[in-house]
Amino acid sequence: MGSRYLNLQPDTMNSASSASRLASLDALRGFDMLMISGGGAFLSLMGGKTNIGFIDAIAAQFHHPDWDGFTFYDFIFPLFLFMAGVSLSISLKNGIAKGIPQSKLLEKVFKRMLILFFLGILDKNAPVDFFDPALIRYGTVLGRIGIATFLVAILYLNTGWKTHLIVAFAILGLYYAALMLISVGDYGGGDLTFEGNLVGWIDRSFMPGRLKQTTYDELAMTTQLSATCLTIFGSLAGKVLLDKTTANIKLIRLIGMGAIGIAAGLAWATVFPLNKHLWSSSFILLTAGMACLLVALFYWVMDVLKFTKWAFFFKVIGMNSLVIYMACRFVNFGESSRLLFAGLYGHAPEKWHEVFNALGGLILVWLVLYVMYRHKIFVKV
């Protein structure tokens, strides 16, 4: 049976038959989606169950800080935005090499943005009250990815890598300056609290629809530009992977970029705190650096050393990441797990029931994707 796709991007984009496809990118995307689709919840539930300090420390990394601060869980979505930039860079270059007009490439990325924006609204608002737009939350994960990739596609198709860097650092610098210098009502410039920050005021004043926390929404329009910088940096990492040079040089460049990003992010955090809710400039640089190092690690292990079998579990997820993201919203895998496995884990101590139920849900998620993988059904937008 041949592979089947729903693919609205250039035919090289996300295609399993693409000659330049890197095994590491599917695996890393799968690792990221595993955390989103149940892996993170499972690890979080392990906290306090074993009386083992190391496990409790890992579990603590899968909770978002209330405001300032940083945990590994904060890194999951930025990694996806970064990976979107890596894939975009590769697919656009492949499309150009095939002679596809730039206008056609951009048109397809624009269509993808619209579809992701609509799916994002469906995801965050189902059931959607289309007759009362004021109740709809327009800031979404999928919408953010779609907008970011479209903006970066414009940049990629019209400028060089130096301009990409200038644009990204200009955005991050101006964003920092705006939050530090512009006053909001009775709050002075530089107030980065939940109540007094400029981002929240702009979104409350101009963002249509519903905000997640009524007066604030980390996925609303004001943080879009700083978040888009992650996709810009990802496109630069994609360029490194495509360079006609040795694997060692690619690794050195990726590791160097990652180290610089982490160092710059931590340094900037001394005056502009790490804050996922604000998508602060320091947060962007730190997570971009971390993502770059992960790309380097997966590339080295899978595409250079050719150790690929260990990552099959992640690859199955990465090949249908959009499917499982939407499925986890509309299919109650937790209830299915309870119905199927409660007769087994019900004999364990009660404190472990939620852990085993989450594990069962995770197994069901993977099995659905494995069946799709075996039948070569890959849904790409």
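Asp123 is buried in this predicted model, with a relative accessible area of just 6%, which is under the 20% cut-off. Its side chain is not left without a partner: Asp123 forms a salt bridge with Arg329, and the closest N and O atoms sit 3.7 Å apart. That pair ties together distant parts of the chain, since Asp123 belongs to helix H4 (residues 102–125) and Arg329 to helix H12 (residues 321–330), 206 residues apart. The two ends of the bridge do not share a setting, because Arg329 has a relative accessible area of 33% and so counts as partly exposed, whereas Asp123 is buried.

Helix H4 itself behaves much as simple geometry suggests. With 24 residues at 1.5 Å each, H4 should span 34 Å, and its end C-alpha atoms are indeed 34 Å apart, so the two values agree. Buried positions in H4 include Leu105, Val109, Arg112, Met113, Leu116 and Leu119. Gly120, Ile121, Asp123 and Asn125 are also among the buried residues of H4. As for what covers them, the buried residues of H4 pack against helix H3 (76–97), helix H5 (141–158) and H12. H12 therefore turns up twice in the picture of H4, as a packing partner and as the home of Arg329, the salt-bridge partner of Asp123.

Charge pairing goes well beyond this one case. Side chains of opposite charge can pair when their charged atoms come close. A search of the whole structure turns up 9 salt bridges. One of them joins Glu218 and Lys276, whose side chains meet at 2.5 Å, N to O. This pair, too, links distant parts of the chain: Glu218 lies in the loop between helix H7 (198–206) and helix H8 (224–242), while Lys276 lies in the loop between helix H9 (247–268) and H10, 58 residues apart. Glu218 is buried, given its relative accessible area of 8%, and Lys276 is buried as well, with a value of 8%. Elsewhere, Lys239, Asp243 and Arg253 are joined into one network by salt bridges that share partners.

A local counterpart is found in helix H1 (residues 23–45). There, Arg29 and Asp26 are 3 residues apart, or about one turn of the helix, and they form a salt bridge with the closest N and O atoms at 3.0 Å. Arg29 counts as buried because its relative accessibility is 9%, and Asp26 counts as buried at 3%.

Helix H10 (residues 281–304) offers another check on helix geometry. Its 24 residues, at 1.5 Å a residue, should span 34 Å; the end C-alpha atoms are 33 Å apart, which agrees. H10 is mostly covered, with 20 of its 24 residues buried. Trp300, which sits in this helix, counts as partly exposed because its relative accessibility is 39%. Trp300 also belongs to a nonpolar surface patch with Leu297, Leu305, Phe307 and Trp310, and together these residues have about 510 Å² of accessible area. After H10 comes Lys306, which has a positive phi, near 65 degrees.

Further along the chain, Tyr370 is placed in helix H14 (residues 353–374). At 24% relative accessibility, Tyr370 counts as partly exposed. Setting aside neighbours within four places in sequence, Tyr370 is in contact with Phe312 and Val316. Ala134, by comparison, is 236 residues from Tyr370 in sequence and 40 Å away in space, C-alpha to C-alpha.

The database annotations can be set against the model. An unreviewed UniProt entry gives "domain: DUF5009" for residues 22–177. Over that span the chain is 72% helix and 0% strand, with the end C-alpha atoms 39 Å apart. The UniProt entry, again unreviewed, also places the feature "transmembrane region" at several spans, including residues 75–93, 164–184, 278–300 and 352–373. Residues 75–93 are 95% helix and 0% strand in the model, and their end C-alpha atoms are 27 Å apart. For residues 164–184 the figures are 86% helix and 0% strand, with the end C-alpha atoms 31 Å apart.

Notes: Residues are numbered from 1 along each chain as its sequence is written. This is a predicted model: local features need pLDDT of at least 70, side-chain atom pairs count only at pLDDT 80 or more; totals for chains, interfaces and linings use all residues. Side-chain values use heavy atoms; hydrogens and water are left out. Patches are made of residues with over 30% relative accessible area and no salt bridge: like charges are joined within 9 Å, nonpolar side chains (Val, Leu, Ile, Met, Phe, Trp, Tyr) within 5 Å. Accessible areas come from the Shrake-Rupley method with a 1.4 Å probe; for residues, only the protein chains shown count as cover. A salt bridge is a side-chain nitrogen of Lys or Arg within 4 Å of a carboxyl oxygen of Asp or Glu. Helices (H or I, at least four residues) and strands (E, at least two) are DSSP runs, numbered from the N terminus. Buried means under 20% relative accessible area, exposed over 50%, partly exposed in between (1.4 Å probe, protein chains only). UniProt positions are given in the numbering used here, feature names are shortened, and annotations may be inferred rather than shown by experiment. The expected span of a helix is 1.5 Å times one less than its number of residues. Contact means heavy atoms within 4.5 Å.
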